[in-house]
Every structure is written in C-alpha cells, then in structure tokens.
Amino acid sequence: MAIENEEISSSGVELSNIAISDTHGEDSPYFAGWKAYDEDPYQETTNPSGVIQMGLAENQVSFDLLEEYLEKHSEAATFGKKTSSFRENALFQDYHGLQSFRKAMASFMEQIRGGRAKFNPDRIVLTAGATAANELLTFILANPGDALLVPTPYYPGFDRDLRWRTGVKIVPVHCDSSNNFQITTTALEEAYKSAEAMNTKVKGVLITNPSNPLGATIQKTTLEEILNFVSSKNIHLVSDEIYSGSSFLGSEFVSVAEVLEARGYKDSERVHIVYSLSKDLGLPGFRVGTIYSYNDRVVTTARRMSSFTLISSQTQHLLASMLSDTDFTENYIKTNRERLRKRYHMIIDGLKSAGIECLKGNAGLFCWMNLSPLLESNTRESELQLWNSILQEVKLNISPGSSCHCSERGWFRVCFANMSEQTLEIALARIHNFMEKRKTQMSNGVSAVVAHNGRSQQADD
C-alpha cells in the first residue's frame, strides 16, 4: 500500500528511474480490490457485511494437515534437542541452500508429477518465492528493452515481476474463448511479429501451467507446439508450474519436464521451470521458490544472483523434514486434490444455479467466470463498472479480466480456496442475490421500453 504524505511526495530530491516508474502495476484493479478488502474485511461475527476476499489465490483447504504434522513432529521446527544442529543452521550461509532441502524439494516435485519426470537436486536454485524466481530468470534471459511473450489472460502480478526492475517488456500473446483460451502457434507468431514491428527483440516465452487465471492445464500437444516454436526462434521457454500439485486430476497435468524427457532432452538448454510451495502447500509466508533449469550457465548465474533472495536456513530445515516424509507428502497431495476438487464443484455449481457460466477447469485455486451478458457495452470501462458494483455493493473482491490483459470483456477470476466453506456459501448467496436483482432490473427495463413503444404507436394512430 502506497504511503501518502504530501510533504514527502513534493520533495525536490531526485530518485532513480525504477523508483518513479509506473510499471509496478499498483494502479491495477487487481491491487485496488485488495485495498478495498483491507479497509473493510469480512468477519463472520464482527463484520458480517464486510468485503469477502475472492481475489487472493491462497490455499487454506489443507492447512490442518500441516498443523497436524508439526504437532507430531515438533522437532522439525525446533531442531530437536541437538544444540549442534541449531548452531549449524544458525551459521549456515551457503546460497546453494541445504542439500537435504534441495533433495526433498526435487523428490516432492517428482511426486506431484506422479513420477513421470525426474529432477536433479543439483539443478535446483532456491529463491524467496516464485515472484523472485520469475524476476531473477528475467534478469538472466533478457536485457532491458527486450521482451518476453506471455499468453493472455495472465497473472496481473507479472506486470510487476517481469517488468518493473528488469526493464524488460511483455508482449501479450492474445488467446480467446473460441478455443477455451488455448495457446496456438498462430497466436505466438502474431505476437512475435508484433514485437518485430516495434523493433523489440524477443528473448523467450513465459507460460503458466496450470494457467493462472484460467484454472486449466495446458495440453501435451500444445506444450510440444510451444517447444517447437521457441526452438525455431532460438529463444527460451519459462514454465511457471506453481499450481502443478493443485490439479484436481493428477493425470491431466503434464509438465514440460515430461515432454523434454520424451524428446530425449533435445533443446532442453532453453527450458526453465519455476516452482514454489506457496500454492500447493499453502505456505506463502515462508517465501519458498525454486528455479529448475536445464541450462548449466543459467543454474550457475541464478545461484549467484539468489544471494539477494535467500530462504532462511530454519525454514529449509523444517521443510526438508516435512517433504522427506513420504507418508505425509503422499497423503497431503491426495487429500489436497480431493478437497480442491470438492471446492471447485461447490463454486461452479453455485454460480451455475445463479445463471453464471465458467470456463471448464481442472486445476488451481480459482475459476474463470463469464459475466459478459451483464455488460452494458463490450468495453473495458463497462467491465470495470461491473467490477466496481460487485466490489462496492455485493462486497466481493474478484479480479476483472482486463487486469489479466484478457482480450475479451466480461471475464473474472474468482478464488475459492482461501476461505471456509461457510464463507464461500455466503459469497455465493451474495452473487445469487446480485444476479436476481440484475434480472429484475433488466426485466423492468424491457417492460419500460415496451410500454414506451406502445404509447408511441397510439400517438401515431
């Protein structure tokens, strides 16, 4: 949240270009909705009419499993009774990270993918969350003024993560609902030519798989086409797979790592995977992210740069213990997927009963909701007007598609895993009431038009 101080802001002392840049994206409705929630948060007993946060992709549905693990294994967080263990971790400063944690992370990533892909712990670079991982990769792959192609709709935070400090541009790859927003070679070519027309050098493609905000996995054939495209252009591919363990049907998620393995790792040096524990394990506050690259120079450089974005040794120690417990991880992955599937159907069925359709999803912590029939006009302004009504009147913070650079108006991302089932039921009830009021207003509007036309006809007679 920005600090507002007239005396400070009017100072004549110059700041850096980064400090005064508007590429942070803080003025986006995506962040404005968060501010509205912070100012009037819903609370069941003390503020039942407050704003319900449905703009935050946070996983709380399986947090009890983490708490249960820590109750049974308190030594994981306290280093047990060994003073030497505490000393070792307190003095540990190697930016490679704890070997035990990198090994556990590699194993967990393999588990999530059903053992269909292998990960070498020596290629894992630790970062303070996926935000840091994506920015760090951008610094390594591109120079200021270069561009990354990013399929739309995309996570609004990428405007900050990829552009703000790096000086790198985002060229959107426009996808639409005609094929459920799937990425096509045609769309990639058009975006590449658009960058060329602007004399901008394209250094790579960045995808999210499963997609944020679509809540859907990318098909294997599409991944193969994307790999063929980046190979033909001699550019990089970054695959952000932070929701890979949050796919409702494990067999439907295919990692780019699986495709590379099937290809005998041909052209693998241009592929880099981003992962974190913020979504699948529901630990955003721990700030744990990883870069997995098949390129030796990228691994070496990323490890050097990771000294600016380290994870505390205590956090690594705790998670190394947790993720090394295969009984826990197997149960967690299975249970978490079951609970997310239940939540997904709960919100989809609830929205459908209110007359709202959503894109078919199979992963993530959100759904992609279509409210285009409610728009007064097919414009960004009309979409934001509807978004503001939902935020101010219905008291729900959802993310408008325009903040995700969607090329079609009327789509919204709605999160469902960061609240209790009871709160979700209240949110759905609010949406249902809102839709009923809109139907009544539209019906009254039609009746008024008919009546007016009738009077005009009588006057003509």
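Buried here means under 20% relative accessible area. That cut-off comes up again and again in the views below, all taken from a predicted model.

**Figure 1. Helix H8 sits mostly inside the protein.** Nine of the twelve residues of H8 are buried, so this helix is largely enclosed by the rest of the structure. The buried set is Ala130, Ala132, Ala133, Asn134, Glu135, Leu136, Leu137, Thr138 and Leu141. The length works out too: at 1.5 Å a residue, the twelve residues of H8 should span 16 Å, and the end C-alpha atoms are 16 Å apart, which agrees.

**Figure 2. Glu135, a buried residue of H8.** Zoom in on helix H8 and you can pick out Glu135. With a relative accessible area of 11%, Glu135 is under the 20% cut-off and therefore counts as buried. What does Glu135 touch, leaving aside its neighbours within four places in sequence? Its contacts are Asp161, Arg165 and Thr166.

**Figure 3. The second largest cavity, with H8 in its wall.** This one holds about 40 Å³ of space. Its lining is made up of Asn134, Leu137, Thr138, Leu141, Leu148, Leu206 and Val238. Helix H8 (residues 130-141) gives the most to that lining, with four residues. Sorted by class, the lining has five nonpolar residues, two polar and no charged.

**Figure 4. The largest cavity and its nonpolar lining.** Rolling a probe the size of a water molecule over the atoms shows where empty space is left. How many cavities of 30 Å³ or more does a search of the whole structure find? The search turns up two, and the largest has about 70 Å³ of space in it. Around that space sit Ile356, Met369, Leu371, Ile390, Val394, Leu396, Ile398, Ile431, Phe434 and Met435. Two elements give two or more residues to this lining, namely helix H16 (380-394) and helix H17 (421-460). H17 has the largest share, with three residues. As for class, the count is ten nonpolar, no polar and no charged residues.

**Figure 5. Ile356, a loop residue on the wall of the largest cavity.** Ile356 is one of the residues lining the largest cavity, and its place is the loop between helix H15 (326-353) and strand E9 (357-358). Is Ile356 buried or exposed? At 3% relative accessibility, Ile356 counts as buried. Leaving aside neighbours within four places in sequence, Ile356 is in contact with Leu351, Met369, Asn370, Leu371, Ile431 and Met435. Take Leu371 from that list: Leu371 and Ile356 are 15 residues apart along the chain, and their C-alpha atoms are separated by 6.9 Å.

**Figure 6. Ile347 in the largest nonpolar core.** In soluble globular proteins, nonpolar side chains tend to be buried together. The largest nonpolar core here has 70 residues, and the members that touch the most others are Met54, Ile347, Leu351 and Met369. Centre the view on Ile347 and, beyond its neighbours within four places in sequence, the contacts are Met54, Cys367, Val414, Phe416, Leu424 and Leu428. Another core lies apart from this one, with 67 residues, including Ala117, Leu223, Val288 and Leu318.

**Figure 7. Zooming back out for context.** The protein has 17 helices and 13 strands. Of its 461 residues, 52% count as buried. Among contacts with a separation of 6 or more, 76% join residues 24 or more positions apart.

How values were computed: Residues numbered from 1 in each chain as written. Predicted model: local features only at pLDDT ≥ 70, side-chain atom pairs only at ≥ 80, totals over all residues. Heavy atoms only, no water. 1 Å grid on protein atoms, 1.4 Å probe; cavity = no way out; pocket = protein on both sides within 12 Å on 5 of 7 lines; lining within 4 Å. Points joined across faces, edges and corners; volume = space filled by probe spheres on them. Nonpolar A, V, L, I, M, F, W, Y, C, P; charged D, E, K, R; others polar. Expected span 1.5 Å × (residues − 1). Buried < 20%, exposed > 50% of the residue type's maximum accessible area, 1.4 Å probe, protein only. Contact = heavy atoms within 4.5 Å. Core = buried A, V, L, I, M, F, W, Y, C linked by side-chain atoms within 4.5 Å.
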